[in-house]
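Student: I have a chain open on my screen and want to go through it by question and answer. Where should we start?

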Amino acid sequence: MNISWSGRLQLTSFFRLLSTNFKLSARQLLVESNGGFVHEKILTNTSNSLIIDNNLYNTRLQYADISPKPVREEAKEERIQPPPPNPDPSGNERTLPRLMNFPEIMWPSMFNSMRNWILVYGIIRPYFDKEFYLKEFIRGAKKAMQVVSVKLMNSDFSGLNNLVTDEALAELKPVIQKLSVSQRRQLEVQESDVYLTFPYQVGIMFDESSERKIQKRWVEITMVFHILRGLHEIRESGEEIPWNMGTMPEYQDKVFVCNYRFIKEFTSGQESVWTINVVNHFKPLDLINEMKRV
């Protein structure tokens with residue numbers, strides 16, 4: 001399948017001006033060309049969204065006994081042991097290792113929010129699905145996130161076959177299998193513990209292959225969920241949640257962020273269901289600690 005990413009969105013001169021004055025951190029930019037819509041791949045990250053991707057790999061140090069003095073065999077074996085492998089490929093130990101090679105997204109982007117609105121109400125609803133409502137999608141995405149998180153915690157990979165794409169599952173499986181029991185428990189998310197949800201990015205992809213009579217098209221939506229573990233119990237107890245809970249030690253270890261990217265094919269006559277092709281759970285506290293070590 002040959003999917004091209006070229007051109008620019010040419011709806012009006014106003015949007016052309018926007019596209020030239022902002023460097024998008026988005027992965028796709030919708031454009032119009034020869035009566036059909038295609039994409040342009042933007043590789044530039046910007047400051048209008050908080051994306052942290054410390055994709056650094058540490059070389060494992062090998063130790064050898066170079067002392068000329070005789071030493072006990074037990075001591076020698078202890079000295080030549082290399083350090084244990086780091087659970088996270090970035091080289092920094094995390095309480096919860098990265099599940100997939102995808103940049104952590106925490107906050108919305110103002111420009112992306114404007115572009116998302118244009119794509120949903122200017123293209124997806126008029127041309128793809130007149131019954132598509134973003135609010136309904138967000139509610140469904142939250143429920144799907146809860147189901148997938150529980151299955152990941154239980155290592156129920158067979159139960160994820162119709163929920164997560166094969167490519168994503170192949171990347172997730174070896175990571176999940178290496179997690180400890182306590183780390184797997186951290187993956188479970190209850191819908192009632194989600195206190196902030198937003199679509200970070202909406203993207204549209206088209207297959208421009210001339211061999212096909214019908215142009216294939218997909219929609220991708222990247223969702224961000226902020227979770228406070230035990231939020232439901234806190235609300236029921238009537239306890240006030242401080243606005244600066246992210247800086248308070250008693251709350252920091254309970255705050256998680258999940259990034260889930262959903263994809264669906266909207267090709268005429270070949271529409272599919274929403275599936276997930278990116279899954280990431282992380283603690284903001286881990287990212288803060290990583291930045292302190294840099």
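Tutor: Start with a definition: the bend at a residue is the angle between two axes, one fitted to the seven residues ending there and one to the seven starting there. Keep in mind that this is a predicted model.

Student: Where is the kink in H3 centred?

Tutor: Helix H3 covers residues 110-128. Its kink is about 30°. The residue at the centre of that kink is Val120.

Student: Is Val120 buried or exposed?

Tutor: H3 has a set of covered residues, among them Phe111, Leu119 and Ile123. Val120 belongs to that set as well. Val120 is buried.

Student: Which strands does H3 lie across?

Tutor: H3 runs at about 55° to one of them, E5. The strands that H3 lies across are E5 and E6.

Student: In what order do the strands of that open sheet come?

Tutor: The sheet has four strands, and their pairing is antiparallel. Neighbours are turned by 15° against each other on average, direction ignored. The order is E5-E6-E7-E8.

Student: Why is one side of E5 and of E8 left without a neighbour in the sheet?

Tutor: E5 spans 194-207 and E8 spans 275-282. Each has a single partner strand, so one side has no neighbour in the sheet. Both strands stand at the edges.

Student: How many residues of E8 are buried?

Tutor: E8 stands at an edge of the sheet. Even so, E8 is mostly covered. The count of buried residues is eight of eight.

Student: Which residue is the bridge partner of Ile221?

Tutor: Strand E6 (216-228) and strand E7 (255-265) pair over eleven bridges. The partner of Ile221 lies in E7. That partner is Phe262.

Student: Which residue in E8 stands opposite Cys258?

Tutor: E7 and E8 run antiparallel and are joined by seven bridges. Opposite Cys258, in E8, stands His281.

Student: Why does the pair of Trp117 and Tyr121 count as tilted?

Tutor: The structure holds nine aromatic pairs. In this one, the ring centres are 5.3 Å apart and the planes meet at 40°. Planes under 30 degrees apart would be stacked, and over 60 edge-to-face. An angle of 40° therefore makes the pair tilted.

Student: How far apart in helix H3 are Trp117 and Tyr121?

Tutor: Trp117 is exposed, at 56% relative accessible area. Tyr121 is partly exposed, at 38%. Along the helix, about one helical turn separates them, because they are four residues apart.

Student: What is the angle between the planes of Phe132 and Phe137?

Tutor: Phe132 is buried at 5% relative accessible area, and Phe137 is buried at 8%. Their ring centres are 6.1 Å apart, and the pair is tilted. The plane angle is 45°.

Student: Which Trp belongs to the cluster linked by ring pairs?

Tutor: Phe132 and Phe137 are in that cluster. Phe128, Phe206, Phe262 and Phe266 are in it too. The Trp is Trp274.

Student: Which residue lies over the face of Phe256?

Tutor: Look 4.4 Å from the ring centre of Phe256. The residue there is Arg229.

Student: Where does Ser155 lie, given its positive phi?

Tutor: Phi of Ser155 is near 55°, a positive value in a residue other than glycine. Helix H4 spans 134-153 and helix H5 spans 166-178. Ser155 lies in the loop between H4 and H5.

Definitions and conventions. Residues numbered from 1 in each chain as written. Predicted model: local features only at pLDDT ≥ 70, side-chain atom pairs only at ≥ 80, totals over all residues. Heavy atoms only, no water. Pairing = 2+ DSSP bridges. Helix = DSSP H or I, 4+ residues; strand = E, 2+ residues; numbered from the N terminus. Axes fitted to C-alpha atoms, helices over the stretch in contact; angles between N-to-C directions. Contact = heavy atoms within 4.5 Å. Buried < 20%, exposed > 50% of the residue type's maximum accessible area, 1.4 Å probe, protein only. Phe/Tyr/Trp six-rings, centres within 6.5 Å; stacked < 30°, edge-to-face > 60°. Lys NZ or Arg CZ within 6 Å of the ring centre and 35° of its normal.
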